[in-house]
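These are my notebook entries on a structure that is new to me. I set down what I looked up, topic by topic.

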Amino acid sequence: PTTGGGGIGGRGSSGDMAAAAAGSRSAAGVSRERLARHVVGAVMEASRLDITAEPAGERTEEVASAVAPGPSPAPATTPKEEPAGSAEPRGFTPASGNPFGDDDDANDAGDPFEGIDGTPVAGLAGSTSGASISSPAASSPARVDARQFLDPEDVAAKAGSLLRRHAAHFVHRLVASYPHVAIDVARGRSAWTQLLSHDCRSPGGVSPGGVAAWLAGAAAAGDGGGHVTVDAGTGGNEPEVTAMLDAIEARALQPAAVVVLAPALSRLSAAAPRPTSVAVLRADAAPRLAGVAKVQADAWGFPAAEGVASIEALATRGVLEVLSTVLERGGPAVGAAATASGTVVDLMFELAWAPGTQGLAIRCLTALVASGAGVARAKGAWSALLRRYLQSLPRAREAAAGPSRDSAALTALLAGLRAALAGPGGAAIRAHLASAEANGEAYVQVISLLNGEYGDARVRELVVLDVLSTLRSLLAESEDAAAAFGRDVGYETLNAALRTAWGDAPASRTLLARVLQLAVDADFPEDGGYPGAGAVIRNPGVLPVITSLLRGRGGWTAKALGADQATLRTWILDVFARLLADSVASRAAADQADLLGELLEWFADAARDEEASDENGPDSRIEKEGDDAAGGSSGSSDDSTSARIAVCIGSCASHSLSARNFRAVFRMLADPQTGPRGRRLLLSALRAAARRDGPAAYFDFTGAGDGGGGHHTLLGGGGGGGEVENGPGSLVLSNPLAWPSGRAGYTFATWMRVESFPTSPRYTSRMALFALRTASGLGVAAELSPNGVDVSTFSAGQSGVAKAENAHLPAEIKEKRWIFLVIAHSPGRPPLSAAAVKLFVDGEQKSTAKLRFPKVTEPLTASSFGAFNEFDAAAMAAAAAMSHHAVAKGAAAAAAVGAAPFSGQFGSVRLFDDVLGHSAVAAVNSLGPDYLGSFSPADTASGLALAGVGMSPSEAREVRESLAPRLVLSLNAAAAYGRDCYSTVADHGGSLG
């Protein structure tokens with residue numbers, strides 16, 4: 001018992017000792033912080049002291065010993081005469097090094113801003129340079145001549161500088177160890193102001209160590225969320241930012257000081273961007289910095305060219321550099337506040353024409369234009385700024401066309417406008433410039449730059465290419481902007497202005513590439529490359545400009561083509577052939593621009609020229625009998641210009657062939673100058689055009705690639721339809737459907753064509769197909785992938801938790817091919833059958849899987865086709881709860897993972913409130929993609945189509961009688977007006993849904 005008791009008691013004693021040790025450590029930490037607080041206060045007070053020194057001749061041996069104690073003095077004896085130069089010095093002697101640190105801390109060289117990220121700060125470990133104070137014991141005991149005595153004022157200056165440097169060094173180190181204590185004491189005792197104040201003993205009047213200490217403290221205050229003090233009364237690093245702004249303003253005309261102070265604020269913005277942005281907004285930093293630049297410009301004048309490195313020019317550019325950083329990183333709030341300040345805007349437009357500040361001033365203006373977009377409270381000031389920016393372009397044009405040939409301002413202004421349009425606020429800028437309020441001023445100002453009389457060919461080419469790049473940025477991803485440009489300026493005006501600016505030289509490869517990039521709104525190599533996968537023609541109005549460049553129309557030079565020009569024609573025609581063959585949207589855009597008419601005229605000229613030049617009989621390049629000229633491009637056996645044009649003609653005619661163009665084809669066939677080779681190419685193109693396998697009218701969905709909405713995307717909005725300005729297309733039902741009642745099930749059927757599956761890892765090649773859901777997310781959703789269809793159901797469970805299940809229906813889904821896709825979902829009938837979902841492709845059943853049929857009682861108010869609309873967290877919760885199923889691969893995870901909007905085309909979209917059998921699906925498929933009826937038994941067209949596939953009249957009537965009452969929704973592009981689409985199935989009230 002004694003041993004056990006002792007053992008127990010021993011363990012208890014260990015616990016008590018551990019608790020006591022922890023308490024001791026905590027108390028020690030508090031004591032250290034309290035001590036550090038008192039010490040830093042004392043150090044800052046000591047740094048304010050004025051150090052003086054008495055003349056050395058008035059000091060006594062006792063005073064000298066007291067000032068600099070050395071070894072114990074020997075007994076007093078009669079002094080002996082010492083050799084000259086070895087006498088013991090009286091007073092102070094100079095010595096280098098840091099008496100408070102190691103030998104490595106001796107010098108104060110290097111950048112004071114290094115090490116903010118945690119690396120050692122060069123020159124701040126000791127923060128000493130120059131002379132220090134040492135005792136006589138540290139030097140030779142011999143006496144010196146009086147001429148070697150130090151001047152008292154020099155001693156005081158060096159001692160004061162040393163004290164200031166050590167004070168800054170101490171604060172810098174304390175911030176790293178005790179940030180809360182150091183920042184609180186520094187604010188309370190105005191340490192930041194003291195460290196950044198004038199120091200006549202430091203180069204430039206600024207202590208680099210003091211600036212480094214301020215930067216460390218400001219970064220720590222921002223990263224730590226700020227330290228609230230009684231004196232400052234605020235959090236974050238606003239007191240530190242305000243102290244720096246005060247120092248810069250107070251020393252605006254001290255260029256050596258500004259060169260050191262201003263970059264520190266930029267470094268702080270990079271080290272702690274978010275809190276610094278808040279601080280500069282509260283401290284009104286942008287107008288204050290602009291005021292400093294204004295004072296400097298009034299006192300020193302505008303800086304000369306940037307190559308001139310005067311200290312005044314460096315100071316002004318340093319302030320502008322900080323101002324541009326503040327505006328670029330400050331966000332919309334800082335930009336709006338600066339825009340509303342007339343001081344900033346006026347000064348920047350004034351400095352934009354000074355060679356030494358032009359780049360930085362335009363950079364500031366670009367930041368103001370980009371950050372102020374979309375801020376409602378500053379809309380008026382921002383609109384005025386943007387108008388003034390655009391009105392600066394004519395002055396820049398005159399400078400580029402003048403005797404100096406100075407295009408720097410014009411290039412910088414256009415580059416700044418492109419940068420603003422490419423930024424986060426680009427959509428708002430683009431929408432404003434396309435609005436009626438802007439009145440097309442941006443387009444007029446940019447195109448008018450092509451009217452300048454640029455004598456220098458290099459400047460002329462630079463301006464033309466920059467204008468085309470800027471125009472593309474103005475029209476990018478916006479149908480409204482493209483329409484506004486066509487209305488306010490027009491593409492014929494663009495063609496004429498390009499011709500005037502370019503001169504008599506033939507179009508270059510770079511010029512053609514920029515115009516083609518404007519047409520497809522995408523980047524691709526300018527050295528003869530091709531647009532990437534998924535590229536389509538987005539701006540049809542540019543196509544006539546390209547054909548004018550290639551054909552030499554409208555004044556363009558294209559006669560007597562050399563090898564280079566012929567290569568350019570081949571390249572552009574091959575690009576056209578690829579775009580038209582791969583994309584229905586490109587063919588639709590070409591039809592909108594009447595590219596087929598242009599191509600037919602071009603083909604007639606090319607065929608006649610080639611027939612006239614063929615003097616040796618039939619050309620050896622004529623394609624073999626039965627070959628299809630429209631089946632390939634440069635890979636065909638005929639690589640002539642007319643053969644390439646015929647390929648493009650076939651693609652355009654497969655989409656639409658008007659009576660006018662059809663008559664033009666027959667005129668060329670009857671023209672003897674066309675020749676047998678030209679007639680054969682035309683007939684092959686028509687034969688290829690007749691093989692159209694898709695519907696005549698369809699919905700075109702652009703997907704997630706461009707966000708432009710597509711030229712033929714139709715969307716039904718709430719309340720009978722609405723307008724969608726930009727973004728991926730989808731069909732959204734404004735009148736909610738009812739969930740299929742009873743035990744019938746449902747069937748989704750559509751003709752569709754996939755343009756391209758997404759390649760982004762975010763979507764894992766999945767695209768939204770349809771969603772039939774309630775406002776709470778209950779219902780069904782389906783996604784499409786190259787490997788088939790994923791169908792997910794969401795139904796109510798116990799305690800309000802949604803249940804989610806997923807089924808994968810494998811099938812091969814190919815891109816750029818029209819298919820008839822059907823999904824039939826039937827409820828279970830226990831014990832006879834279980835709920836299941838089937839997938840049909842082109843009338844054939846491909847797969848089937850078990851899938852719970854959701855129980856839904858609410859209206860399907862969140863129903864869409866081609867993209868998933870947002871719903872509440874029910875589906876997300878269900879997806880998370882059922883993660884052990886295959887939910888992550890299906891539409892149940894769409895809210896968390898996301899499925900890309902559909903990229904491709906839909907023909908007619910039908911929904912039945914029953915499960916269609918195999919024979920019914922095959923019958924609908926046999927009607928083809930152009931059938932738009934409602935399967936009425938009195939419909940003659942459907943009867944003839946079914947008879948054509950071998951059905952007897954009675955069978956055809958029976959199929960139609962079974963389909964007609966089950967059809968609850970039928971959408972087709974032929975029943976669309978603008979962006980409103982109407983169902984062709986009457987509801988119970990007799991109206992269209």
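Before the first look-up I fixed one term: contact means heavy atoms within 4.5 Å. I also note that this is a predicted model.

**Entry 1. Helix α13 and its surroundings.** I looked up the buried residues of α13 and found Val344, Val345, Leu347, Met348, Phe349 and Leu351. I then asked which elements the buried residues of α13 pack against. They pack against α10, α11 (311–329), α12 (331–340), α14 (358–371) and α15.

**Entry 2. The chain as a whole.** I turned to the overall composition. The protein chain holds 34 helices and 17 strands. Of its 993 residues, buried ones make up 51%. I also looked up how far apart in sequence the contacting residues lie. Among contacts between residues at least 6 apart in sequence, 72% join residues at least 24 apart.

**Entry 3. Salt bridges.** I looked up the count of salt bridges, which comes to 30. I examined three pairs in turn.

The first pair is Arg288 with Glu249, whose closest N and O atoms are 2.8 Å apart. This pair links distant parts of the chain, with Arg288 in helix α10 (residues 285–300) and Glu249 in helix α7 (residues 238–250), 39 residues apart. I asked whether Arg288 is buried or exposed. Arg288 counts as buried because its relative accessible area is 17%, and the limit for buried is under 20%. Its partner Glu249 is partly exposed, at 35% relative accessibility. I also listed what Arg288 touches, leaving aside neighbours within four places in sequence: Thr242, Leu245, Asp246, Glu249 and Ala283. The salt-bridge partner Glu249 is thus one of the residues in contact with Arg288.

The second pair is Asp346 with Arg388, with the closest N and O atoms 2.8 Å apart. Here, too, distant parts of the chain are linked: Asp346 belongs to helix α13 (residues 342–351) and Arg388 to helix α15 (residues 379–390), 42 residues apart. I noted that α15 is among the elements against which the buried residues of α13 pack. Asp346 counts as partly exposed at 41% relative accessibility, and Arg388 counts as partly exposed at 34%.

The third pair is Arg551 with Asp605, where the closest N and O atoms are 2.9 Å apart. Arg551 lies in helix α24 (residues 543–551) and Asp605 in helix α27 (residues 595–613), 54 residues apart, so that distant parts of the chain are linked. Arg551 is buried at 13% relative accessibility, whereas Asp605 is partly exposed at 31%. I then asked which residues are linked with Arg551 in a network of salt bridges. The network joins Arg551, Glu598, Glu601, Asp605, Arg608 and Asp671.

**Entry 4. Helices α17 and α20.** Two packed helices are described by the angle between their axes and the distance between the axes. I therefore looked up both values for helix α17 (residues 408–422) and helix α20 (residues 457–475): the axes come within 9 Å and cross at roughly 20°. This angle makes α17 roughly parallel to α20, because angles under 35 degrees count as roughly parallel. The crossing of α17 past α20 is left-handed.

I next asked which residues make the contact. From α17 they are Leu410, Thr411, Leu414, Leu417, Arg418 and Leu421. From α20 they are Leu462, Val463, Asp466, Val467, Ser469, Thr470, Ser473 and Leu474. By kind, the residues of this contact divide into eight nonpolar, four polar and two charged.

**Entry 5. Two residues with positive phi.** I looked up two residues that have a positive phi without being glycines. Asn439 has a phi of about 60°, and Phe935 has one of about 65°. Asn439 sits in the loop between α18 (426–434) and α19 (441–448). Phe935 sits in the loop between α32 (918–926) and α33 (940–948).

I asked of each whether it is buried or exposed. Asn439 counts as exposed because its relative accessibility is 59%, and exposed begins over 50%. Phe935 counts as buried, at 0% relative accessibility.

Note on methods:
Residues are numbered from 1 along each chain as its sequence is written. This is a predicted model: local features need pLDDT of at least 70, side-chain atom pairs count only at pLDDT 80 or more; totals for chains, interfaces and linings use all residues. Side-chain values use heavy atoms; hydrogens and water are left out. Helices (H or I, at least four residues) and strands (E, at least two) are DSSP runs, numbered from the N terminus. Buried means under 20% relative accessible area, exposed over 50%, partly exposed in between (1.4 Å probe, protein chains only). A salt bridge is a side-chain nitrogen of Lys or Arg within 4 Å of a carboxyl oxygen of Asp or Glu. Axes are lines fitted to C-alpha atoms, for helices over the stretch in contact, and angles run from 0 to 180 degrees between N-to-C directions. Angles under 35 degrees count as roughly parallel, over 145 as roughly antiparallel, 65 to 115 as roughly perpendicular and the rest as oblique. A crossing is left-handed if the near helix is turned anticlockwise from the far one by less than a right angle, and right-handed if clockwise. Ala, Val, Leu, Ile, Met, Phe, Trp, Tyr, Cys and Pro count as nonpolar, Asp, Glu, Lys and Arg as charged, and the others, Gly among them, as polar.
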